Amino acid sequence: MIGANILVLTTAIAIPIFLAGKLKIETKTEVKDAFYAFLVCILAVSLYVLGNGLSRIDGAILLAIFIVYSKKVMMKKKAKKAKKSSVTKKEALVYGTIFLISSFLLLGSAKYVVKYAHLIAVEAGLSDFLIGLLIVAIGTTLPELTVNTISVLTRHYSIAVGDSVGSVSANLTLIVGITALIHPIKGDFATTFGSGAF
């Protein structure tokens, strides 16, 4: 999670900016959302440091933050005039089916990512944390890099900003929150603090 967030906020946003020449911040909301993501990063690392890991209570706090923020964002969208959908019921069914199949494939592949990342760590004589921070993080960040690149090249700058901010926020609230609720997260403070602080 730490490695993915570092890559999202550096490589996955820097390469698209380099290719397009600029990234335009279009609204004040984007600045506020970026600031929110920054606060979430600080909160998640602080909870980890204070508790020498993340307990189920910490997970519940992070999950609650995700729910409150998501509700706030959705309320903003409802206040704006919604565009009429041009998607037919048949198309919605097809897209929904593809989404479900893709989700199951993603869940299945995640098992093998963890298994083989661990084997790489053992063979290379490195810690699981370091492999996750570098190799696994690259794999999980490729979708953000792709979306951000296409968004910036087609001048849909808000999508790139929203994807990056949303990815970091969701990783540290929804994903880490659910993970900590299922099983408390423990780790070596000395190992994780440097990358977490970064």
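**View 1. Helix H7 bends at Ala170.** The bend in this predicted model is about 40 degrees. H7 has 26 residues. From first C-alpha to last, H7 reaches 36 Å, close to the 38 Å expected at 1.5 Å a residue. H7 spans residues 157–182.

**View 2. The largest nonpolar core has 16 residues.** Leu54, Leu62, Val168, Leu172 and Val176 touch the most other members. Three helices each supply at least two residues of this core: H3 (28–51), H4 (56–79) and H7 (157–182). In soluble globular proteins, nonpolar side chains tend to be buried together.

**View 3. A nonpolar patch lies on the surface.** Its area is about 400 Å². Ile120, Leu126, Leu130, Leu134 and Ile135 make this patch. Helix H6 (residues 128–153) gives the largest share, 3 residues.

**View 4. Leu130 is a member of the surface patch.** Leu130 sits in helix H6. Is Leu130 buried, partly exposed or exposed? Leu130 is partly exposed, with a relative accessible area of 31%. Patch residues need over 30% relative accessible area, so Leu130, at 31%, passes that cut-off. Leu134 belongs to the patch as well. An α-helix has 3.6 residues a turn, so residues three or four places apart point the same way.

**View 5. The whole chain is helical in pattern, α-α-α-α-α-α-α-α along the sequence.** The protein has 8 helices and 0 strands. Of its 198 residues, 25% count as buried.

Definitions and conventions:
Residues are numbered from 1 along each chain as its sequence is written. This is a predicted model: local features need pLDDT of at least 70, side-chain atom pairs count only at pLDDT 80 or more; totals for chains, interfaces and linings use all residues. Side-chain values use heavy atoms; hydrogens and water are left out. Patches are made of residues with over 30% relative accessible area and no salt bridge: like charges are joined within 9 Å, nonpolar side chains (Val, Leu, Ile, Met, Phe, Trp, Tyr) within 5 Å. Accessible areas come from the Shrake-Rupley method with a 1.4 Å probe; for residues, only the protein chains shown count as cover. A salt bridge is a side-chain nitrogen of Lys or Arg within 4 Å of a carboxyl oxygen of Asp or Glu. Helices (H or I, at least four residues) and strands (E, at least two) are DSSP runs, numbered from the N terminus. Buried means under 20% relative accessible area, exposed over 50%, partly exposed in between (1.4 Å probe, protein chains only). A nonpolar core is a set of buried Ala, Val, Leu, Ile, Met, Phe, Trp, Tyr and Cys residues joined through side-chain atoms within 4.5 Å. The expected span of a helix is 1.5 Å times one less than its number of residues. The bend at a residue is the angle between axes fitted to the seven residues ending there and the seven starting there.
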